[in-house]
Amino acid sequence: MKYDPIDNTLFKINRKNFMAQMKPESLAVFNSNDVFKTGADSTMPFKQHRDIFYLSGADQEDTILVLFPDCPDPAHREVLFVTETNDHIAVWEGEKLTKEKATEISGIETVYWLKEFDKKFFEMMTQASTIYFNTNEHYRQAVEMQTREDRFILKTKAQYPAHNYAKSAPIMQRLRAVKHPIELALMQRACDITNAGFRRVMDFVKPGVMEYVIEAEYLHEFIKSRSDGFAYTPIIASGNNANVLHYIENNQECKAGDLILMDVGATYANYSADMTRTIPVSGKFTKRQKEVYNAVNKVKNEATEMLVPGTLWKEYHVEVGNIMTRELLQLGLLDKADVQNENKEWPAYKKYFMHGTSHHIGLDTHDYGLLWEPMQANNVFTVEPGIYIPEEGFGIRLEDDVVIQEKGSPKNLMGDIPIEADEIEDLMNQ
C-alpha cells in the first residue's frame, strides 16, 4: 500500500464497538472482496471490502475476519484468516501479510492461514447459536454480480441450517457513520491531496487543453502524494458537458469562454475526498457566469450551516430546495408562477438542480449512514448544490466535505481549496 501505517487503535475500537452490539452466543464473519477478472490472465486493481478494512485494517485479498465475543476459547474471540505467503509468492506477486504483520496491522492476536478456515470455523460454529452475515444494504446499492460474501452466505446456510441468522449491516451503518478522530485525520489527508491536485490544475488550464489532460494532471499529483488515485471516476466537464451529471468521457477540448466543472477526489488509505469546483477556461468568468456561480456558492454556504446535530436529512433537503428556489428566482431562471404551480413531488427548482445536496462520505464516497435518523457530531457530509443551464451552455456545481461538530458550524475538510469566484480568477491570472 502507498499510504503510511494506520494506528491499529482505530481497528481495535471499531471491533469493540461492533461486538458490543452483537447478540449473546453469536459470531460475525467479514470477507474481503474478490479479485475481478478482465479477461485472459488480467485482473482489475484490487479494492478491499470497506467493512473488513474498517474492522481489521487488512488490505489484502483472500482475507476473512471472525468476531465471536462469547467464544469459550478466548483465542477465538477475534480471528483473522489470511493467505499463506511463501518465497514463490513473494517473487511473483510481492510479499503478502505474514501472521506477525497481520497482528501488527490489526491488533488481532490470533491469525491463521486461510487454508485452516473450514476446520476452525466449524469448531466456532458448534459453540455459537447465531451468525451475522455481512449483506450489502446501502440505500444506493445495485450490485448484480455474486460477491464473495454472497457465496459464503449460501455455503454457510447449507452447511449450518439449524443456526439463527442476523445482519451486520444495521450495526455497521451506525458505526461507520460516526467517524473516529483517526478516520477524520485520514479523510483530511485525502482532502489535502485533492487540494494539491486542484492547485496544480489551476496553473495548467487554458483554452485548447483537453479534458483528459486535466484528469492526468490530477492523477499525477494524487499518486505523487501517496494516494491510490481517484476515489471515484472523475468528472472533467467543460462547456455543456457539465449539464450531464455523470459525464466521465473527459475527451473534449476546453474552449475559451467556457467553464470546466471538475468533480474529483483523491483516496487515501481507502478514505475518500469528494470535491467539485467550476473554473473558467480563460481565467475569468463572464458577468452571467459569475452571477450564477455566486448563487450556487451562497446556497452551499447556507446549506452547510444547517448541518448540525439533530438535523433530519429529508427536512434538510426540503429547506435547501427553498434556498435554491430563492436564488433561481433572483437569477430569472424561475418566476413566481413556476413556483406557485409547481408539482410538490418535483418542485420547480428541480429543473435546474435535480440531485441531492448532501450524502455521507468516508470509506465509501457514498458512505454508510442512516438517513432517517437525526444527524450527529462526527458525521461527515458532502455539500454540493449546482445550477445546470443547458440553454446557456454551462453548469456549475460546488462541493465540500464537512464534519458535523457538537456545537457551532461544521468543520470544512476542504480547508483552503479556493472557491470564491474572485479568488479563482486571481489565482488563474497570477
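Author: Let's start with the vocabulary. Helices here are DSSP runs of H or I with at least four residues, strands are runs of E with at least two, and both are numbered from the N terminus. One thing to keep in mind: this is a predicted model.

Reader: Okay, let's try a loop. Where does N270 lie?

Author: Look between strands β12 (266–268) and β13 (271–272): N270 is in the loop that links them.

Reader: And what is phi of N270 near?

Author: General idea first: most residues other than glycine have a negative phi. In this structure, phi of N270 is near 75°, which is positive although the residue isn't glycine.

Reader: Is N270 buried or exposed?

Author: Buried means under 20% relative accessible area. N270 has 5%, so it counts as buried.

Reader: What about phi of D62?

Author: That one is positive too, near 55°, and again the residue is not glycine. D62 sits in the loop between α2 and β4 (64–67). With a relative accessible area of 28%, D62 is partly exposed.

Reader: Let me try another loop residue. Which residues is T85 in contact with, leaving aside its neighbours within four places in sequence?

Author: Those are K96, L97, T98 and W113. You'll find T85 in the loop between β5 (78–82) and α3 (87–92). T85 is buried as well, at 18% relative accessible area.

Reader: On to helices. Why is helix α7 described as largely enclosed by the rest of the structure?

Author: Count its buried residues. Helix α7 covers residues 169–177, and seven of those nine are buried, so the rest of the structure largely encloses it. The buried ones are A169, I171, M172, Q173, L175, R176 and A177.

Reader: What do the buried residues of α7 pack against?

Author: Quite a list! They pack against the helices α1 (9–19) and α2 (50–56), plus the strands β1 (26–31), β7 (130–133), β8 (164–167) and β15 (380–383).

Reader: How do the axes of α1 and α7 cross?

Author: They come within 10 Å and cross at roughly 135°. That angle makes α1 oblique to α7. The crossing is also right-handed. On the α1 side, N14, N17 and F18 meet I171, M172 and L175 of α7. Sorted by class, this contact has four nonpolar residues, two polar ones and no charged ones.

Reader: How come residues spaced like that can point the same way?

Author: An α-helix has 3.6 residues a turn, so residues three or four places apart point the same way.

Reader: Now a helix pair further along. At roughly what angle do the axes of α8 and α13 cross?

Author: Helix α8 (residues 181–202) and helix α13 (residues 421–428) cross at roughly 60°, with their axes coming within 9 Å. So α8 is oblique to α13. The residues in contact are F198, R199 and M202 from α8, with I424, L427 and M428 from α13. By class, that's five nonpolar, no polar and one charged.

Reader: What about the start of the chain: where is K2 found?

Author: K2 belongs to the segment before α1. Its relative accessible area is 37%, so K2 is partly exposed. Residues distant in sequence can still meet it: K2 and I223 are 221 residues apart along the chain, yet their C-alpha atoms are separated by 8.6 Å. Leaving aside neighbours within four places in sequence, K2 is in contact with I223, R226, S227 and D228.

Reader: Last one. Which feature does UniProt place at residues 6–142?

Author: The record, an unreviewed entry, lists "domain: Aminopeptidase P N-terminal" there. Over residues 6–142, the chain is 30% helix and 20% strand, and the end C-alpha atoms are 31 Å apart.

Methods: Residues numbered from 1 in each chain as written. Predicted model: local features only at pLDDT ≥ 70, side-chain atom pairs only at ≥ 80, totals over all residues. Heavy atoms only, no water. UniProt positions renumbered as here; feature names shortened; annotations may be inferred. Buried < 20%, exposed > 50% of the residue type's maximum accessible area, 1.4 Å probe, protein only. Contact = heavy atoms within 4.5 Å. Axes fitted to C-alpha atoms, helices over the stretch in contact; angles between N-to-C directions. Parallel < 35°, antiparallel > 145°, perpendicular 65-115°, else oblique. Left-handed = near helix turned anticlockwise from the far one by under 90°. Nonpolar A, V, L, I, M, F, W, Y, C, P; charged D, E, K, R; others polar.
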